[in-house]
Amino acid sequence: MKKCQLALLMILLPPAVLATPPGILRLEARASMDQTYEAVHAALEQARFWVVFEADLGSNLATFAERWGEDLNRNALGGIRSIVVCNAWYANQVSNADPDLLALCPLRVNLVEKDGETRVLFARPTVTAAGSPGIAVVEEVEREIEAALRAGVAAAQGQ
């Protein structure tokens, strides 16, 4: 009976409670988009990952409200922003090890706000670089960015 109940529960759970895919780093900040964005931006640049582009994806998507109707923002997200970062030294090291890994450059961090909390998302580049001669460099980049993101989230929460 318990197996049937568990199976039914799994079927009925909304997709939002499913685990984050292993190739994605997901951090939660109990802070607004603006607070988290500023803290993450500063932490990335402190770690020498320079912000080369920023996009307010939520505002861009909102321009399609009339066209998409009820399909727009079904999860009622308060905002979606993207930060694109690069470190020239690491880009050079990656190109020396495996020029094809330049497909990773620059890297992107997304922030998604809902109900006053912000989720920080980062696609782990080591997933793409697995098996490459450049994996050691990419592992270092991933560690550095993850540390910066964790510091940014902590700062956004006042920790």
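Me: Hello! How much space lies in the largest cavity?
Reply: Happy to help. This is a predicted model, where local features need pLDDT of at least 70, side-chain atom pairs count only at pLDDT 80 or more, and totals for chains, interfaces and linings use all residues. On a 1 Å grid over the protein atoms alone, a cavity is a set of points where a 1.4 Å probe fits but cannot get out, and its volume is the space filled by probe spheres set on the points, which are joined across faces, edges and corners. For the largest cavity that comes to about 140 Å³.

Me: Which helix supplies the largest share of the lining of the largest cavity?
Reply: Lining residues have an atom within 4 Å of a point. Strand S3 (79–86), helix H5 (88–97) and helix H7 (135–156) each supply at least two of them; helices (H or I, at least four residues) and strands (E, at least two) are DSSP runs, numbered from the N terminus. The largest share, three residues, comes from H5.

Me: Is Pro133 buried or exposed?
Reply: Residues are numbered from 1 along each chain as its sequence is written, and Pro133 lies in the loop between helix H6 (125–129) and H7. Buried means under 20% relative accessible area, exposed over 50% and partly exposed in between (1.4 Å probe, protein chains only). With a relative accessible area of 65%, Pro133 is exposed.

Me: What separates the C-alpha atoms of Pro133 and Val94?
Reply: Val94 is among the lining residues nearest the centre of the largest cavity. Pro133 and Val94 are 39 residues apart along the chain, and their C-alpha atoms are separated by 9.2 Å.

Notes:
Heavy atoms only, no water. 1 Å grid on protein atoms, 1.4 Å probe; cavity = no way out; pocket = protein on both sides within 12 Å on 5 of 7 lines; lining within 4 Å.
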